[in-house]
Amino acid sequence: MPELPEVETTRKGITPKANQQIIKQFIIRNAKLRWPVDLTLTDKLPGLVIQAINRRGKYLLLKTELGTLMIHLGMSGNLRVLPENTPPLKHDHIDIVLENGYLVRLNDPRRFGSVLWHPATNGSIEEHKLLAKLAPEPLTDAFNGNYFYEKTRNRKVAIKSLVMNSSVAVGAGNIYANESLFMSNIHPETQACKLSKKQCDVLVTNIKKVLEAAIKQGGTTLKDFMSPDGKPGYFVQKLNVYDQAGKPCPVCSTPIERIILNQRASYFCPKCQKK
């Protein structure tokens, strides 16, 4: 699943060719995504200028004068920038054709992604129901140890579940939740309310570190957004514990263990992350 660093890499990848460009055509090949794509967008979007390409959580926001196009990549989606005449492949559901001879193409085999329209007349995009309750962006000063410590009080859920709760922390999906907890020496099943203020400070610092490192690595693969015959590779991730079950811990050599927590695989070192 594309997580925040992958979505940020996607934003950076499409921006050079798509930002400040006029939309010539909006093509819908399959409107049956997570939510039905508004078929009237084929008439609404042509002629509009993409004024900015932003990201909020895992949503890409293409701003125009009349509103914002909200794109979520779901479980398997990806966006690529391609020459306008590139033939569509299987699962290429949406094309945003630009006046400069390129197009932005959404490919989504599992169709859990979404393409939604938020008219400017409905107010700020931040007020959209899918964005309004999101936590502060993780790489901003608003996401800090004090904030996170307050969010953990009286919360008896496993800390990994809380880290992955988008109303508490944005962007720390399964991979990065596992990695940041390992770096913080915190067992994934630890009750959130039992974390000390110092542990919250350390965990927030490590969430930021792991996301920043992943985004930095993503910058080396932006050329993939011009590839007509494959998905963006994003980056080769350097992982300590995620998907490393049975392999030695990089710190103490104890075998990494795997458990299922809230239907998601969790990886940890039983020695470095004592329960």
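1. A quick word before we start: contact here means heavy atoms within 4.5 Å. Please also keep in mind that this is a predicted model. With that in hand, have a look at Ile-159, which touches Phe-148, Leu-181, Ile-186, His-187, Pro-188, Thr-190, Ala-192, Leu-195 and Leu-203, leaving aside residues up to four places away in sequence.

2. Where does Ile-159 belong in the wider picture? It is among the residues with the most contacts inside the largest nonpolar core, along with Phe-148, Val-163 and Leu-203. That core has 34 residues. The elements giving two or more residues to it are the strand β3 (59-63) and the helices α3 (145-152), α4 (159-163), α5 (174-183) and α6 (197-218). Helix α6 provides the largest share, with eight residues.

3. There is also a second core, separate from the one above and made of 28 residues. Leu-79, Val-104, Leu-106 and Trp-117 are included in this second core.

4. Phe-148 deserves a point of its own, together with its aromatic company. One aromatic cluster is formed by Phe-143, Tyr-147 and Phe-148. How are the rings of Phe-143 and Phe-148 arranged? Their centres lie 6.2 Å apart and their planes meet at 75°; planes over 60 degrees apart count as edge-to-face, so that is the label for this pair.

5. Are Phe-143 and Phe-148 buried or exposed? The cut-off for buried is under 20% relative accessible area. Phe-143 has a relative accessibility of 1% and therefore counts as buried, and Phe-148, at 0%, is buried too.

6. Now to the sheet. Four strands make up an open sheet in the order β1-β6-β7-β5, and their pairing is antiparallel. Why do β1 and β5 each have one side without a neighbour in the sheet? Both β1 (23-28) and β5 (78-83) stand at the edges and have a single partner strand each, so one side of each stays unpaired in this sheet. On average, neighbouring strands of the sheet are turned by 20° against each other, ignoring direction.

7. If you would like to check one pairing by eye, try β1 with β6 (residues 92-98). These two strands run antiparallel and are joined by five bridges. For a specific spot, start from Gln-25: its bridge partner in β6 is Val-97.

8. Finally, a helix to view against the sheet. Helix α1 (residues 4-18) packs on the sheet and touches β5, β6 and β7 (102-107). The direction of α1 makes about 25° with that of β5.

Technical notes:
Residues are numbered from 1 along each chain as its sequence is written. This is a predicted model: local features need pLDDT of at least 70, side-chain atom pairs count only at pLDDT 80 or more; totals for chains, interfaces and linings use all residues. Side-chain values use heavy atoms; hydrogens and water are left out. Two strands pair if DSSP finds at least two bridges between them. Axes are lines fitted to C-alpha atoms, for helices over the stretch in contact, and angles run from 0 to 180 degrees between N-to-C directions. A nonpolar core is a set of buried Ala, Val, Leu, Ile, Met, Phe, Trp, Tyr and Cys residues joined through side-chain atoms within 4.5 Å. Buried means under 20% relative accessible area, exposed over 50%, partly exposed in between (1.4 Å probe, protein chains only). Rings of Phe, Tyr and Trp (its six-membered ring) pair if their centres lie within 6.5 Å; planes under 30 degrees apart count as stacked, over 60 as edge-to-face and the rest as tilted.
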